[in-house]
Amino acid sequence: MGDTGTSWGGYPRASQRVSILNDRDAPLPPFEGRALPYGNGRSYGDSCLNDGGTLLHAAGLDRYIRFDEATGVLECEAGLSLAEIVAGMLPRGWFLPVTPGTQHVTVGGAIANDVHGKNHHHHGSFGEHVLELELLRSDGSRRVCGPGQEPEWFAATLGGLGLTGVVTRARLQLRRVPGPWVQATTRRFADLGEFFALSEATSADEYSVAWVDCLASGKQLGRGVFTHANHVAATATARPARPRLAFPFTPPFSLVNPLSLRLFNQLYYRRSPAVPRTSVGHFAPFFYPLDAIGHWNRMYGPRGLLQYQCVVPPEVAAPAISEILQRIASHGSGSFLAVLKKFGSRRSAGMLSFPRPGTTLALDFPNRGATTLRLLDELDRVVMQARGAVYPAKDARMSAAMFAVSFPRLPEFLPYVDPRFSSGLWRRVMVSG
Ligand SMILES: Cc1cc2nc3c(=O)[nH]c(=O)nc-3n(C[C@H](O)[C@H](O)[C@H](O)COP(=O)(O)OP(=O)(O)OC[C@H]3O[C@@H](n4cnc5c(N)ncnc54)[C@H](O)[C@@H]3O)c2cc1C
């Protein structure tokens, strides 16, 4: 079995044959056992892995098909990355309506996880802007679907974890922007109450997101730094983009430990402005701060990291997030990459879409084996009680029970699964996957 295909967290490891797809009109290459489409492997856990099977790597499906400059409708192949779309379309005044925290994901991956960004409260999730897609199934059949055409296939494929077939191409509605500049206002907040108040007070702004100090406890529990922003036209004071650095190698142990974390969090919080500070900067550091450091995942060492992202409903968000943060702080784990965001009230069409009304928390944990897994199980119990959800794109360990609570439309989804497709995550969360 040839390696590879990895996921961003480096956990778990999997070995699988990789078949590269180059021609969107060709049938799928022959494969034994189960197959899974693969984009750029920017999912953290095992939703993009298929140990013992085949990955159908969309890397060669990377062409633009057509672009209507008047309407902003782009048709492209599914292996094209969001970075390529931004590079090609922004100079023409068009941008992604929704973008995740890295631009190195493919259109197919963005559809299969129905990804969200910092503007969920304005623009919903990625799938809301997909007008049409083509799905290639293992029996060779093709389905063209969209919100108004075979909508049930569309709803199954949006957030469908690559299990309904290979998306070969898609038609996307881009949005107009005045240029590459973003005006952002940042200030720190003392606790969760202030976070919710700020989210409310700034909801007219398109983007909002917060960093949260996951080690703070007691009166400081839930303190962090809040940013809200909008696209703006160029100004004389705009800051240019910084050059890209790269993490050159994987150190033999994780550089993220309780000491480095406590130090970083204290410093970051204290150095952030106590009163709102506004500046205009290039879009890249605002949307993709982590992309500025290539291979930053290597700092977690050879055992990798587990990322945890959950969403809890609005009516229980404050107590549930507070309990989750308390458990993380008392465990002394977590990372400085901890993000808190209030989703808007828009519901995605996707049967298994993760974004939904509520508050979402995402953070990384260095993989310390059973200790880390036990903590994440504890967090699951809080999320389950809150009737919330855990995000499969970030997951490598959730149970079948947690998956079922997260995705109540699972029974409706099952008939659309391609019988020859599967993934590590799918086998774990299904009794028979
Ligand atoms: C630094 C960082 C920040 C991130 N920030 C966010 C964020 O803000 N919001 C968010 O929602 N996510 C975020 N993510 C997660 C990421 O956006 C998703 O995991 C995304 O799906 C990865 O896309 P990919 O192209 O790398 O696909 P992969 O990770 O390779 O695959 C993801 C899924 O897509 C399926 N798939 C891939 N290509 C196709 C295809 N052509 N047809 C059918 N199925 C396909 C796979 O089978 C798999 O189930 C982040 C990830 C990183 C590393």
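Let's start with a single pair of residues: Pro37 stands opposite Leu56 in S3. Before I go on, please keep in mind that this is a predicted model.

So where does that pair belong? S2 and strand S3, which covers residues 54-57, pair in the parallel sense over four bridges. Now zoom out a little. Which order do the strands take in this open sheet? The order is S1-S3-S2, three strands with parallel pairing. The edges are strand S1 (17-20) and strand S2 (35-38), each of which pairs on one side only. From one strand to the next, the twist averages 30°. If you are new to sheets, here is the background: strands of a sheet pair through backbone hydrogen bonds, and they can do so in a parallel or an antiparallel way.

For the antiparallel kind, look at strand S9, residues 166-173. Is this strand mostly covered or mostly open? Mostly covered: six of its eight residues are buried. Strand S5 (residues 73-77) runs antiparallel to S9, and five bridges join the two. In that pairing, Glu75 stands opposite Arg171 in S9. Strand S7 (residues 130-136) also runs antiparallel to S9, joined to it by six bridges. There, Leu135 stands opposite Val167 in S9.

Next, the nonpolar interior. The largest nonpolar core has 113 residues, and the members that touch the most others are Ile85, Leu361 and Phe403. Let's take Phe403 as our example. What does Phe403 touch, leaving aside residues up to four places away in sequence? The list is Leu161, Leu352, Pro392, Met398, Leu410, Leu425, Trp426 and Val429. There is also a second, separate core of ten residues, with Ala35, Leu56, Ala58 and Leu61 among them. You have met Leu56 already: that is the residue across from Pro37.

Now to the rings. How many aromatic pairs does the structure hold? It holds 21. One of them is Tyr207 with Phe287, an edge-to-face pair at 4.9 Å centre to centre, with 75° between the planes. Tyr207 lies in strand S12 (residues 207-212) and Phe287 in helix H7 (residues 283-287), so this pair ties together parts that are 80 residues apart in sequence. Are these two rings' residues buried or exposed? Tyr207 counts as buried because its relative accessibility is 2%, and Phe287 is buried too, at 2%.

A second edge-to-face pair is made by Phe413 and Trp426, at 5.8 Å centre to centre and 80° between the planes. Phe413 sits in helix H11 (residues 410-413) and Trp426 in helix H12 (residues 424-429), so here the tied parts are 13 residues apart in sequence. Phe413 is buried at 0% relative accessibility, and Trp426 is buried with a relative accessible area of 3%. Trp426 should sound familiar, as one of the residues that Phe403 touches.

Back to Tyr207 and Phe287 for a moment. Together with Phe95, Phe283, Phe286 and Tyr288, they form one aromatic cluster. Phe286 has a charged partner as well: the charged end of Lys118 sits over its ring, 5.3 Å from the centre. Elsewhere, the charged end of Arg223 sits over the ring of Tyr269, 4.2 Å from its centre.

Finally, a few backbone features to look up on your own screen. Most residues other than glycine have a negative phi, and most peptide bonds are trans. With that in mind, which peptide bond is cis here? The one from Tyr11 to Pro12, with omega near -5°. Pro12 lies in the segment before S1, and S1 is one of the edge strands we talked about earlier.

Then there are two residues with positive phi. Asp114 has a phi near 40°, though it is not a glycine. You will find Asp114 in the loop between helix H2 (107-112) and helix H3 (120-123). Glu150, also not a glycine, has a positive phi of about 45°, and its place is the loop between strand S8 (142-145) and helix H4 (151-157). How do they sit with respect to the surface? Asp114 is buried, with a relative accessible area of 0%, whereas Glu150 counts as partly exposed because its relative accessibility is 28%.

That's my tour. Thanks for listening!

Definitions and conventions. Residues are numbered from 1 along each chain as its sequence is written. This is a predicted model: local features need pLDDT of at least 70, side-chain atom pairs count only at pLDDT 80 or more; totals for chains, interfaces and linings use all residues. Side-chain values use heavy atoms; hydrogens and water are left out. Rings of Phe, Tyr and Trp (its six-membered ring) pair if their centres lie within 6.5 Å; planes under 30 degrees apart count as stacked, over 60 as edge-to-face and the rest as tilted. Buried means under 20% relative accessible area, exposed over 50%, partly exposed in between (1.4 Å probe, protein chains only). A charge sits over a ring if NZ of Lys or CZ of Arg is within 6 Å of the ring centre and within 35 degrees of the ring normal. Two strands pair if DSSP finds at least two bridges between them. Axes are lines fitted to C-alpha atoms, for helices over the stretch in contact, and angles run from 0 to 180 degrees between N-to-C directions. A nonpolar core is a set of buried Ala, Val, Leu, Ile, Met, Phe, Trp, Tyr and Cys residues joined through side-chain atoms within 4.5 Å. Contact means heavy atoms within 4.5 Å.
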